[in-house]
Amino acid sequence: MRLSPDQLIFWQHGFLKLNATIVFTWGLMLLLAAGSELITRKLSTDLTRSRWQNLLEIVVTAIEKQIEEVGLSPARKYVGFLGTLFLFVAASSLCTIIPGYQPPTSSLSTTTALALCVFVAVPLFGIEDQGIGGYLKAYAKPTVIMLPFNIISELSRTLALAVRLFGNMMSGAMIIGILLTITPFIFPVFMTMLGLLTGMVQAYIFSILAAVYIAAATRSRKAAPALAKPGLAKPELAPAT
Amino acid sequence: MDSSTLVAIASIVTAGLTTGVGCMCPALGEGRSVSTALTALAQQPDASATITRTLFVGLAMIESTAIYCFVVSMILIFANPFWTHVIAQTAGK
């Protein structure tokens, strides 16, 4: 049994390999880029607009609204990065309804690449917002003793992002594979439906966690937003009067 | 018992234990957090957006521990490094 689509190799020539992960990632990139290009080629601002433009507007405004709620104030600035993450992860799990397709996010290399993008983007956005000194000072808060722990948390949450997405996607494919050998007729269909739901939730969580990390890096000097860090944010439990 | 049998027994038993315990404890944690979030939702329906988003982020954090256990047991069963080592040693003899 294959643990990841890395081991399904389509073409090999010496050092170069074309495995299923790369091929399906390229396919998804082509689908997303060509789809957006085709839709945005003829945008209209009056009331008669195409249905595809409506679809794209719904998606983009929904993502922007979510980013605003996390506390990143000009959402248009961050929607390019966070929205791409969301759309790629969501599309890679939605395409599992195509037979023969394997989601590239069920390979640890793809999810590590996505998590490394977040790992690089968080300091970049933070430095752009507060300058290098202001960003680096945030590591020594509340005291200098917390410095190594802050650095460790920076690394461990990158690892957690990668392994969480990989584990969820891989377990979906793995469970369907195991169930096909036990109850091959109806039950895998329901697990596929559950896998679609899990994929959408994971895409949401991946992008919202990236947004929370960026928000924590950019706004730590200003007034604390409603959800600065997931570990510190508490739902308001004050009794309703 | 030779060493390959011992490695196989240890791997299989540990894989089962890992997934068992690693599903049980995050399930308890997720149940607690969902019930608390439901209480908060019932008390303050206006704050539902914030509560739901925080709940989702927290559930993802909790669930990732279960996912780690699952990944470890999958590695133990399908991609066991010790098993590969023992097999390579036996073949080398």
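1. A quick definition before we start: helices here are DSSP runs of H or I with at least four residues, strands are DSSP runs of E with at least two, and both are numbered from the N terminus. On that basis, chain A has six helices and two strands. Bear in mind as you read that this is a predicted model.

2. For getting your bearings, walk along the sequence of chain A: the pattern you meet is β-β-α-α-α-α-α-α. The chain runs to 241 residues, and 29% of them count as buried. If you take the contacts in chain A between residues at least 6 apart in sequence, 62% of them join residues at least 24 apart.

3. Now the strands. β1 of chain A covers residues 9-13 and β2 of chain A covers residues 16-19; the two pair in the antiparallel sense, over four bridges. Together β1(A) and β2(A) make a hairpin, with two residues between them. In the turn sits A:Gly14, which has a positive phi of about 65 degrees. To see the pairing for yourself, look for A:His13, which stands opposite A:Leu16 in β2(A).

4. How covered is strand β1 of chain A? Hardly: of its five residues, the number that count as buried is zero.

5. On to a helix pair worth a look. Helix α4 of chain A (residues 108-137) and helix α5 of chain A (residues 147-182) have axes that come within 8 Å and cross at roughly 145 degrees. The crossing of α4(A) past α5(A) is right-handed. On the α4(A) side, the contact is made by A:Leu108, A:Thr111, A:Thr112, A:Ala115, A:Leu116, A:Val118 and A:Phe119. On the α5(A) side, the residues are A:Thr158, A:Leu161, A:Ala162, A:Leu165 and A:Phe166. Sorted by class, the contact between α4(A) and α5(A) has nine nonpolar residues, three polar ones and no charged ones.

6. One residue to click on is A:Ile205, which lies in helix α6 of chain A (residues 187-218). Why does A:Ile205 count as buried? Because there are 23 C-beta neighbours inside 10 Å of A:Ile205, and the cut-off for buried is 20 or more.

7. What is A:Ile205 in contact with, once its neighbours within four places in sequence are left aside? The answer takes you to chain B: B:Phe56, B:Val57 and B:Ala60. As for a residue of chain A, the C-alpha atoms of A:Ile205 and A:Ser73 are separated by 20 Å, with their places 132 residues apart along the chain.

Technical notes
Residues numbered from 1 in each chain as written. Chains lettered and ligands numbered in written order. Predicted model: local features only at pLDDT ≥ 70, side-chain atom pairs only at ≥ 80, totals over all residues. Axes fitted to C-alpha atoms, helices over the stretch in contact; angles between N-to-C directions. Left-handed = near helix turned anticlockwise from the far one by under 90°. Contact = placed C-beta atoms within 7 Å. Nonpolar A, V, L, I, M, F, W, Y, C, P; charged D, E, K, R; others polar. Buried ≥ 20, exposed ≤ 12 C-beta atoms within 10 Å, placed from the backbone. Pairing = 2+ DSSP bridges.
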